[in-house]
Amino acid sequence: MKKYNVAVVGATGMVGRKFLEVLTERNLPVENYYLFASAKSAGKVIDFMGKPHTVIELNEENVKSHKIDIALFSAGGDISKQFAPVFAKHGALVIDNSNAWRRDPEVPLVVPECNANDILWHKNIIANPNCSTIQAVVMLKPLHEAFGIKRVVYSTYQAVSGAGVKGFDDLKNGINGEAPKKFPYPIFGNCIPHIDVFLDNGYTKEEDKMIFETKKILGDQNIKVTATCVRVPVYYGHSESVNIEFNKPCTLDEVKKVLANAEGVVLQDDVANNVYPMALTAENKNEVFVGRVRLDDTVESGINLWVVADNIRKGAATNAVQIAERAIALGAVKDQLN
């Protein structure tokens, strides 16, 4: 079996460390792992895969000298714009977790359960979607195939870890009454209907991401999508209330059957016994959990449901590693070792 050199860029950050955790759980055919970070973190030693790895400074000479086949990026949009082309130029397949490349028509935006074949037309960069979009489209894709989606209304309840370490710390420190440093208002005991910057149309950039990415991943620009995204005082796990209007008629049993058989979805829907997805129980899991499925009788054919996933795992690290796995399986990774 071919083996590959894999780089983790931004290895010392919250998502970067989750990349390392997920990689230890999966059996990728890897010859060498290389951990890259800024000059400030270079030289640090991280125990990974049972041995110490010294963090490498992120610069072009180090990229070139290590002959990387796959680079998993989680170092922010500015770093990605600067260094993803550098890795790509030297033959690596970049899988980027930032928003730097998601809107580029030349870059696939991939959730493997939904559109793995888009990997095949990559030009050495693949974008990992926004965390809130990933968990939604995993369950939307099979429903779209079965009934045809006409309209989607998202209302999200997003964990503070989606804002990185500073967001996490705002909740942790806010419990003790400390003033927020990341969010514009205290998040402890509060919900903030403001994620990312506001756009001229009154939507936030996070909401705009969900609208754009849903259509791109599902490959259907005719779907109408709207969103309201809210930050809530939860450490891990995004929750979403999703209202879906279909083009074709459906029954509740038909919808549940589609979801129960969908790749990557766990149906938790037994309200008589208080069984439904929650952020607390989805934490540190790789699947997308769906429940509270019910018909929407205000439209001819529609449903409401509740979807939850760990935003740092499936919403970031796990999805990126799954892209790497699918790329290898599809023969879409250049092998620089042989």
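A hairpin of six residues links β13 to β14, strands being DSSP runs of E at least two residues long and helices runs of H or I at least four residues long, both numbered from the N terminus. The structure described here is a predicted model, in which local features need pLDDT of at least 70 and side-chain atom pairs count only at pLDDT 80 or more, whereas totals for chains, interfaces and linings use all residues. Residues are numbered from 1 along each chain as its sequence is written, and side-chain values use heavy atoms, with hydrogens and water left out. The two strands of the hairpin pair in the antiparallel sense over five bridges, where pairing requires that DSSP finds at least two bridges between two strands. Within this pair, leucine 295 has isoleucine 303 of β14 as its bridge partner.

Both strands belong to an open sheet of six strands with mixed pairing, in the order β10-β9-β11-β14-β13-β12. Its edges are formed by β10 (224-231) and β12 (265-267), each of which pairs on one side only. On average, and with direction ignored, neighbouring strands of this sheet are turned by 20° against each other; axes are lines fitted to C-alpha atoms, for helices over the stretch in contact, and angles run from 0 to 180 degrees between N-to-C directions. At one edge, β9 (residues 149-158) runs parallel to β10 and is joined to that strand by eight bridges, with serine 155 standing opposite threonine 228 in β10. Helix α7 (residues 205-218) packs on the sheet and touches β9, β10 and β11 (238-246), its direction making about 145° with that of β10; contact here means heavy atoms within 4.5 Å. Helix α8 (residues 252-260) also packs on the sheet, touching β11, β12, β13 (288-295) and β14 (302-309), and its direction makes about 175° with that of β13. At the other edge, β12 and β13 pair in the parallel sense over three bridges, and valine 265 has valine 288 as its bridge partner in β13.

A further open sheet of six strands shows parallel pairing and has the order β5-β2-β1-β6-β7-β8. Because β5 (56-57) and β8 (125-127) stand at its edges with a single partner strand each, one side of each is left without a neighbour in the sheet. Strand β1 (residues 4-9) and strand β6 (residues 70-73) run parallel and are joined by four bridges, valine 6 having isoleucine 70 as its partner in β6. Helix α3 (residues 77-89) packs on this sheet, touching β1, β2 (30-37), β6, β7 (93-96) and β8, with its direction at about 175° to that of β6.

Packing between helices was then examined. Two packed helices are described by the angle between their axes and the distance between the axes. The axes of α1 (residues 14-25) and α10 (residues 313-329) come within 9 Å and cross at roughly 55°, and the two helices are therefore oblique to each other, given that angles under 35 degrees count as roughly parallel, over 145 as roughly antiparallel, 65 to 115 as roughly perpendicular and the rest as oblique. Their crossing is right-handed, a term used if the near helix is turned clockwise from the far one by less than a right angle, and left-handed if anticlockwise. The contact involves Val15, Lys18, Phe19, Glu21, Val22, Leu23 and Glu25 of α1 together with Arg313, Ala316, Ala317, Thr318, Ala320 and Val321 of α10. By class, eight nonpolar, one polar and four charged residues take part in the contact of α1 with α10, where Ala, Val, Leu, Ile, Met, Phe, Trp, Tyr, Cys and Pro count as nonpolar, Asp, Glu, Lys and Arg as charged, and the others, Gly among them, as polar.

Helix α10 also packs with α5, at an angle of about 80° and with the axes 8 Å apart, so that α5 and α10 are roughly perpendicular to each other. In this contact, Cys131, Ile134 and Val138 of α5 meet Lys314, Gly315, Ala316 and Asn319 of α10, a set that divides into four nonpolar, two polar and one charged.

Helix α5 (residues 131-147) additionally packs with α7, at an angle of about 35° and with their axes 10 Å apart, in a right-handed crossing. Among the residues making this contact are Thr133 of α5 and Glu213 of α7. Glutamate 213 is buried, with a relative accessible area of 2% (buried means under 20%, exposed over 50% and partly exposed in between, for a 1.4 Å probe and protein chains only). Its C-alpha atom is separated by 6.8 Å from that of threonine 133, the two residues being 80 residues apart along the chain. Not counting residues up to four places away in sequence, glutamate 213 touches Arg102, Leu109, Pro129, Asn130 and Thr133.
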